[in-house]
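User: Please take a close look at a single strand in this model and explain how it is placed among its neighbours. After that, I would like the answer to widen to the rest of the structure, in connected prose.

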Amino acid sequence: MSTIETDAEVATRLEFEQTQRSEGWKLLRGMLREQRRNLLLGAVIGISWAGFKTAVPQMTKNAINQGIEKDGPLLKWVLIIAGLGVLTGLLSGMRRYVAFRESRWAETLLRERLFAHLIGLNVGYHDKAQTGQLMSRASSDLMQIQGFIVMIPITLSNVIQIIAVTAILFYTDPVLALVALVPLPFVNISARRFSNRIHPASIAVQAEQAQLASVVEESVSGVRVIKGFGAEQVQFDKLRKEADDIFGETMKAAKIRSSFLPAIDVLPALGLVGVLGVGGHRVLNGQITIGDLVAFNVYLTLLIWPLRNIGMIVALGQRAAAALVRIHEVLSTESTIADPANPKQLPSVAIGATTLGAVKFDHVQFGYSPEQPVLSNFTIDIAGGESIAIVGATGSGKSTVARLLLRFYDTNSGHVFLDGVDVRKLKLRDLRQQIGVVFEDTVLFNDTVAHNIGFAKSTASQQDLERAAKLAGAHDFIGELPNGYETVIGERGFSLSGGQRQRIAIARAIIADPRVLVLDDATSAVDPSKEGEIREAMRTVMSGRTTIVIAHRPGTIALADRVVLLDGGTIAAIGTHEHLAATNTRYREVLASMDQPKKVAN
Amino acid sequence: MWGTAGGVTDEDRLSRAQARTIIGRVFKMAAPFRKTMYVGFACVIVTTCCALAAPVIVRHGIDAGIRAKNTQALNQSVVMYLAVVTLSYIFGRMLFLYVNRTGEMFLRVLRLAVFRQMQRQSMAFFDRNKAGVLVARMTADIESMAELVQFGLLQFLSAGLMLVFSIVVLLLLSWQLTLVAMCVMPIIVLASIKFQHDSNKAYLTVRERVGANLSALQEGITTVRVIQAYAQEQETKDKFFKSNRALFDSHERSVRISTWYFALVEFSGVFASALMIGIGGWLVHRGDVTLGTVVAFTLLISSLFDPVQQLSQLYNTVQSAGAALSKLFAILDAKPEVDEHPAAITLPTSGVLKVDNVSFTYATGEHPALNAVSISVAPGKKLALVGPTGAGKSTLAKLMARMYDPVSGTVSYGGVDLTMGSMDSLRQRIVVVPQEGFLFNGTIRDNLRIAKITATDAEIDAAVDAISATEHFAQFPDGLETEVRERGSRLSAGERQLVALARAALVDPAVLVLDEATSNLDPGTEAEVERALERLMSGRTVIVVAHRLSTVQRADHIAVIDAAQVAEYGTHAELIAKNGRYAALASAWQTSQLVTEQN
């Protein structure tokens, strides 16, 4: 399906792409400027290498003409060639080293920039971005760029070599040079076209491989279903189709290889045939020496690799440019949530008799997209030390309340205050250090229990860790883990039950002794029989601390002083659980829907 | 060109005997396309000969043509040269096609054979092997051979041939100069061996650190909300930078290793031609060799050195492919534990499902999961299995559907031992509905048809109707034709469960084995799933692994499974009256319900 663009649209699009590309190259130039000294060194080494390398056939010619054909000093030339061997060897090694080291260094630094930038980007960005996409920015896109940078010093010396060799050939015998060089530009053209055509072909192969992998993956994970119904043949047919597709795509790639690679090999050989034919006759006619002829042969072989490489670098450059544009796009995205210019300090002593941790939402209006408001006119005053349960149906905006308090998002209008200070006037770090969060889906790091609990407080001592773990009811089971607090947990480590994970997350939330605790119902992902344990831990950590509980289960609501019923983004009712249960029908409905599984049990 | 070795760990290296067996099996598998393979080999031989012939022709041109001032001989050699070049082009094109075709055909056969054999395995095999490992066998392990197949095999053959042929040609041209060339050879050979060893080690480190770096990257991105919520951006960055710098260091070390190697290789090339010219020149003066021979030698010397380099670099690729192959052959050799008996008979259409004195162990040496269990379910009756986690209730259910065979004792249906029943009839009589509805890529209808490949659209519609889910699926944009997307991400857990139940309805079995979900479904579909289940169960024999009081109360009989045995058996009323384990369990269930309601 192709959409027809007007000329103006095409112009705008092209202009936009042009800007993007030039921004991408600017990024590359900036990177290279930082490493210019080493890159320059690489260039100098490369050029010297090219010079010495080009001198070898010249010396060979001298050796043959003077040392073998005549009775000249053979040993002198042999020694010179051997000496050049030492030099070119050393220089080619160094050229390689500098090129690779510098390209890896550029890649390393750029990856760090990307990571640092991504980690700092607002949650709204991450909610929309796909992990896989971001991963490929920092892995395969960077690889493209590294592959290009590594070629820079090498290409530079290749260009010099091509120029030097061509000059020598024309100086020795212009006619023969012409004969020898005619097929060579085609090497370059073929290499470039090959590179351009094989790239999409190999991407197609990879795509087919990914499809086969997904058939295998579903066949292994769904093995119970397949065996239960005897559906092996269905999956086998699917797999055969994918295997056939891979075969088809790889053969397409093979055809591309077969139509280019032998040609790239044969073109310089045609030059050599020409040199023997035309050159041979010119020696017979006495126009050049036999040494010249041999040197011509050697020179032509010297040109093959540089010409291929230059062909390749054009294609590599195009891919690197595309990768640079994509990376620039990420780097140029500004975080919409940032520290204020003149940050205020949080009061360290509470005003009046109340404890610290007063939270206030004042006429807050918010939606993830402007057309769909999630919260409207949301106003609530939570005193320091008070606990509030937020109750509401799915999509009523419960979790959004926590996100606004943490400044994951900013309100569209209205304000959020912590201890009387607008959260937008605070440094993000100052604000967030005062809020401990337990997310609905417990995220643990692939690291030790100690690191996971002490995450928010890198200075935490063993006593601090144990105190937090005890409060969260996690100390006992941690003691039973193979290495206690040093046990590695998370995806690739020791696997914990849902309830254990939750309690570690609770310990993490309270280790820094925050003023406010946000618990996005920690019991919802847990086996019903384990709910009690978690609730006990929650009760302990909530006492004396401002707590906002986003409740998904009725049992959790009982932990809070007051209950806020959210309905359609506004507060439908506020009060104690008993009061609401007695007076509010909507509240009873929401409770009932939460209670559903248990009701069935009656 | 950049010397990227395949990377092979020490435990992956194969012994000579293993390697021989593997090569033998590969050739056997390649039988169906042996002709293509031989044509490929022939092309390799022709192109290698062409490559070697060229310098010899140049020598002829110089000696017989130019130096002898014989125009005809010169022209002759030019024509010959042109012929050789043309030949090598034509055969070069064929070579790519035939060698790649051979390799890809082999990989295709391998993929199909391994997958088929994997599917024949019984559940125990899938318990033993992690899903990730099995997927890796079919993907990474086979793809690791693709590189070998596309480039390696070709290079390997031509490098080997080139090495042998060039020694022959050089000896024919001049044994004296061959001797000189052979003096430089050891430098290249030793350096190449050391390089492949060191670079392999360095490469393994790089690979490991790339993995660690990618995990750190992924962890950073996926946990960004936690990181920001706790204001730990700086600490996370520092940690990532450390892994990133470690990766750089390993790259740097790997480059350093190749630096001296490539320097030495370049030096050896130039040094060897210096030697050729020096000693060759002296030999020309003595009249032992001609100038043409010396020139041919300086051109041929690279065809002696290059193959050595290539072979040493390919060594690792070949080794790691060998390691991958030996893992794949292990799968091909695995015998399925639960298999159809050669004299299998069709199971009767109805009857008593009887477990008689059955013992079972998942792995030899482990504690028995079931110990001399006997129990039976009459046609149309419902049996609930309850008990603590890991006591053996799920195992018992699985044995009743022959997902495993008992170690001793028998499970029979209508008097026929399940191990004697045909697989087809077993699957028609007994259907297992797992805890979570699993979806395959495709439409909802494709997902239903999994249960009965021959089912017509009308039969599928009827099955959906049988569990009263027609209306629910009609809500989807394309009804049953709706694509479920990545693993059914479009469907809720309850809807996936409905699909699982409709599958069972499509088979219309006499016996249902249900594993009840432990966690709650979304409130919206929970009731619908309950209703569908109700309809599906009516009139069938049901064995249910139960987690909820409501389910248990509806069963005709209850078996409490504890410590691999049937601890109690009876009706709900009987067991409550007995005041034993079941009574305790039931009262615990009731209390948790009350607590919830009081809140």
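Analyst: Strand β8 of chain B, residues 541-545, is mostly covered, since five of its five residues are buried. This is a predicted model, and every value below is computed from it. In a regular strand the side chains alternate between the two faces of the sheet. In β8(B), B:T541, B:I543 and B:V545 point one way, while B:V542 and B:V544 point the other way, and all of them are buried.

The pairing of the strand can be followed on both of its partners. With strand β3 of chain B, residues 382-386, β8(B) pairs in the parallel sense over four bridges, and within that pairing B:K382 has B:V542 as its bridge partner. Strand β7 of chain B, residues 511-515, also runs parallel to β8(B) and is joined to it by five bridges; here the bridge partner of B:V511 is B:T541.

Strand β7 of chain B also leads to a local backbone feature, for B:D508 is placed in the loop between α15 (493-507) and β7 of chain B. Most residues other than glycine have a negative phi. The phi of B:D508, however, is near 55°, a positive value in a residue other than glycine. B:D508 counts as partly exposed because it has 16 C-beta neighbours inside 10 Å, where 20 or more would be needed for a residue to be buried. A second case is B:A563, which has a positive phi of about 50° although it is not a glycine. B:A563 is found in the loop between β9 (557-562) and β10 (565-570) of chain B, and because it has 13 C-beta neighbours inside 10 Å it, too, counts as partly exposed.

In chain A, six strands form an open sheet with mixed pairing, in the order β6-β7-β8-β3-β9-β10. Its edge strands are β6 (435-438) and β10 (570-575) of chain A, each of which pairs on one side only, and neighbouring strands of the sheet are turned by 20° against each other on average, with direction ignored. At one edge, β6(A) is joined to β7(A) by four bridges and the two run parallel; A:I435 has A:V516 as its bridge partner in β7(A). Both faces of β6(A) are covered, with A:I435 and A:V437 on one side and A:G436 and A:V438 on the other, all of them buried. At the other edge, strand β9 of chain A, residues 562-567, pairs with β10(A) in the antiparallel sense over five bridges, and A:L565 stands opposite A:A573 of β10(A).

Helices lie across this sheet as well. Helix α12 of chain A, residues 398-405, lies across β3 (387-391), β6, β7 (516-520), β8 (546-550) and β9 of chain A, and runs at about 145° to β8(A). Helix α17 of chain A, residues 498-510, lies across β6 and β7 of chain A and runs at about 170° to β6(A).

Between the two chains, 114 residues of chain A are in contact with 115 residues of chain B. The largest share of the side of chain A that touches chain B, 28 residues, comes from helix α10 of chain A, residues 232-284, and the residues of that side divide into 62 nonpolar, 33 polar and 19 charged. One helix pair across the chains can be described in detail: helix α2 of chain A (residues 36-69) and helix α8 of chain B (residues 233-286) pack at an angle of about 10°, with their axes 10 Å apart. Because angles under 35 degrees count as roughly parallel, α2(A) is roughly parallel to α8(B). The contact is made by A:V56, A:T60, A:A63, A:G67 and A:I68 of α2(A) together with B:V270, B:S273, B:I277, B:G281 and B:V284 of α8(B); by class, it has six nonpolar, four polar and no charged residues.

As for chain A as a whole, it has 21 helices and ten strands, and buried residues make up 46% of its 602 residues. Its radius of gyration is 36 Å, whereas a compact globule of 602 residues would have one near 25 Å, and its C-alpha trace spans about 115 × 65 × 65 Å along the principal axes. Among contacts in chain A between residues at least 6 apart in sequence, 78% join residues at least 24 apart.

Technical notes
Residues numbered from 1 in each chain as written. Chains lettered and ligands numbered in written order. Predicted model: local features only at pLDDT ≥ 70, side-chain atom pairs only at ≥ 80, totals over all residues. Contact = placed C-beta atoms within 7 Å. Nonpolar A, V, L, I, M, F, W, Y, C, P; charged D, E, K, R; others polar. Rg over C-alpha atoms; globule rule 2.2 N^0.38 Å. Buried ≥ 20, exposed ≤ 12 C-beta atoms within 10 Å, placed from the backbone. Pairing = 2+ DSSP bridges. Axes fitted to C-alpha atoms, helices over the stretch in contact; angles between N-to-C directions. Parallel < 35°, antiparallel > 145°, perpendicular 65-115°, else oblique.
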